[in-house]
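Here are some notes for a colleague who is opening this structure without having seen it before. Please keep the sequence and the view side by side while reading.

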Amino acid sequence: RSLVNKGKKHLFKKLLNSNQSTCRCVFFRKYSGSEKRFLSFDEIVAQRRGEAKRSIVVQVNSEASFKELYGYCSKYATIKDVHHYKNSNDEHFMLIEFGSEESLQDVLRSCSTHQKDVDIMALNSPFLWFRASNGRTESYATPATVLASINGIEQVDEDKLFKDLVECDTVSDQIQLLYDRTRLNDLGARLRYMVARQIECMLESLYANVAVRPFGSSINGFGKMGCDLDLVLTNTLTDEMMKAGSRLVYQDKRTEGSRAPWARHMQCVADLLELRVAGAARVQRILNARVPIVKFAHHYTDLECDLCYNNMSGVYMSELLWLFGSLDDRVRPLTFAVRRWARAVGLTNPHPGRWITNFPLTLMVLFFLQQKTNDGHVLPTLKNLVRRAGKEDIRIAEENLNCTFLRDMNKLPSECYAQNKANLQTLLLQFFEFYSQFDFKEKAISINEGASIRKPNSLPLYIVNPLEQALNVSRNVSFEECERLKAEVRNAAWQLEAGMDKQKGDDWGLLALVEKKTTRGLKKLLRVGNSHRLVSVKDLFNDTDDKIPEASVKNKIE
Ligand code: GTP
Ligand code: MG
């Protein structure tokens with residue numbers, strides 16, 4: 001299966017032919033109940049945070065600096081891994097992971113600050129640069145076998161992707177390929193945790209027990225290369241810090257002024273990002289919203305970041321999506337195909353506005369996968385996961401929000417998921433057919449129930465917030481945009497059904513859905529005589545660069 005996922009189907013087939021029993025043996029060892037099948041979200045996060053605490057990102061002249069840098073750093077500590085990448089300014093960087101956190105501290109102690117510039121105040125940061133050797137030639141012993149890993153952060157080569165999509169054998173293969181090529185890679189994930197760590201390092205000296213964690217698509221398993229970085233800053237009081245027995249208590253610093261204390265602190269964090277975080281630029285403060293956000297760009301990593309405070313429900317929401325995605329191998333590729341299609345037809349848009357965004361769209365896919373067919377369903381309901389939760393799963397987020405649900409998917413009986421074995425091609429077509437017939441006027445989508453429920457109000461699109469069921473995550477979607485969604489799912493169902501045959505040209509299968517629509521494409525569709533399935537030219541190719549309403553900063557701000 002791992003060979004197939006890596007696009008090496010031929011090797012898998014060869015293995016299968018050469019020694020069936022070995023192959024089956026490998027399969028069973030990995031998937032039989034005796035071994036743990038699912039890692040928990042907390043384990044993954046702990047692993048990523050651990051990696052970041054052992055890593056530095058060093059700017060270098062070029063990839064040729066690798067040997068010298070490797071040799072230099074090896075003097076101080078054991079190196080575990082090196083990843084090279086280039087940002088959009090053509091600057092080269094090496095992410096180096098050391099064997100332990102202590103080793104990293106040894107390396108950091110050996111670092112110096114730029115001495116020439118008196119305006120610069122020393123700072124601690126895992127983002128460094130590698131100075132030229134000053135004429136001294138030192139020779140470093142770098143094992144010939146050690147190479148920097150080359151999974152870069154640059155955007156996917158779309159031309160090559162489309163060429164390879166044309167060559168696929170089936171629509172299922174196309175969906176899998178799209179996912180494999182465009183999903184966030186290991187380096188992308190590492191760098192996101194490095195940015196979080198950099199801010200955490202800066203704030204550690206100011207706030208006790210502070211943590212900065214990524215959430216959203218960077219960690220929920222549905223992130224693509226280049227997706228934005230959502231960060232949450234928490235500053236929690238532990239039981240230890242609040243123990244009643246201690247007679248020595250910290251003097252409090254109360255925040256003065258009419259603003260909520262954390263809006264004041266976020267203002268300060270925004271200033272610190274400008275003053276103390278190397279690589280952070282274009283800092284924007286959006287502090288009057290219910291969830292204050294500081295937006296900034298991070299140049300060294302090419303990331304657009306949103307930092308908010310104490311939004312643990314966002315992290316638990318990401319965990320929930322991650323768990324659903326981990327239950328069945330088809331969930332993430334299918335969601336990628338749907339998100340990509342929605343972007344291509346202009347249903348989603350990088351700017352916030354009156355249209356649907358990736359998060360509610362993902363909930364729509366999960367909801368579809370919860371539907372019972374004759375063969376059963378692919379995903380369980382959230383209600384089911386809540387019912388099975390134990391004491392260890394209890395999580396209470398801000399404003400007393402109960403975010404308790406089963407976290408260990410190994411405890412979920414196998415009949416609760418993956419009963420339906422349909423392939424990706426069938427699922428994608430069924431997704432479009434399902435929503436072509438969905439009663440958006442009367443019904444709301446709820447992954448808690450796994451069944452549609454009556455809409456509590458007349459908003460055009462109603463998708464229940466899984467963790468705060470009184471809220472609608474698509475409340476920003478206008479009537480026109482909802483109509484467009486309905487029209488586009490109908491068109492997609494027709495296009496996919498009509499274009500399954502590979503022989504039909506360059507835009508067969510998934511390609512017809514994910515290629516950006518052009519007038520040429522439209523003419524072609526009209527020529528084939530099925531124009532009755534198309535809603536209207538205006539609807540299909542609506543200019544989505546409408547003015548964005550000032551108030552709708554981001555639809556997650558409720
Ligand atoms: P992309 O950034 O588009 O790749 O997807 P994303 O999942 O990261 O979405 P976004 O950046 O808009 O939001 C980040 C996270 O915030 C989501 O994954 C959700 O966990 C959460 N979120 C987004 N919208 C809402 C909302 O309307 N209500 C609530 N409670 N949480 C939301
Ligand atoms: Mg995001």
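The points below go from the whole protein to one sheet, then to a hairpin and a metal site.

1. The model is predicted, and the description that follows should be read with that in mind. The protein has 558 residues, of which 48% count as buried, and its secondary structure comprises 19 helices and 13 strands.

2. Two further totals describe the protein as a whole. Among the contacts with a separation of 6 or more, 67% are between residues 24 or more positions apart. The exposed area comes to about 29,300 Å², and carbon and sulfur atoms supply 50% of that area.

3. One sheet deserves a careful look: it is an open sheet of four strands, in the order β2-β3-β1-β4, with mixed pairing. Because β2 and β4 (127-129) each have a single partner strand, they stand at the edges, and one side of each is left without a neighbour in the sheet. From one strand to the next, the twist averages 25°. As background, the strands of a sheet pair through backbone hydrogen bonds, and the pairing may be either parallel or antiparallel.

4. Within this sheet, strand β3 (residues 92-98) pairs with strand β2 (residues 79-86) in the antiparallel sense, over seven bridges. Strand β3 also runs antiparallel to strand β1 (residues 55-60), to which six bridges join it. Which residue of β3 is the bridge partner of K86? The partner is H92, and H92 in β3 also has V60 standing opposite, so that reading outwards from H92 is a convenient way to follow both pairings.

5. The hairpin of β2 and β3 has five residues between the strands, and in this hairpin D90 takes a positive phi near 65°.

6. A helix should be viewed together with the sheet: α9 (residues 186-204) lies across β1, β2, β3 and β4, and α9 runs at about 100° to β2.

7. The last point concerns the magnesium ion (ligand 2), whose protein donors are D228 (OD) and D230 (OD), lying 2.2 Å from the ion. Are these two donors buried or exposed? D230 has a relative accessibility of 6% and therefore counts as buried, the limit being under 20%. D228, with a relative accessible area of 28%, is partly exposed, because this value falls between the limits of 20% and 50%.

How values were computed: Residues numbered from 1 in each chain as written. Chains lettered and ligands numbered in written order. Predicted model: local features only at pLDDT ≥ 70, side-chain atom pairs only at ≥ 80, totals over all residues. Heavy atoms only, no water. Donors = N, O, S within 2.8 Å, 3.2 Å for Na, K, Ca; no water. Buried < 20%, exposed > 50% of the residue type's maximum accessible area, 1.4 Å probe, protein only. Pairing = 2+ DSSP bridges. Helix = DSSP H or I, 4+ residues; strand = E, 2+ residues; numbered from the N terminus. Contact = heavy atoms within 4.5 Å. Areas by Shrake-Rupley, 256 points an atom, 1.4 Å probe, with all protein chains shown as cover. Axes fitted to C-alpha atoms, helices over the stretch in contact; angles between N-to-C directions.
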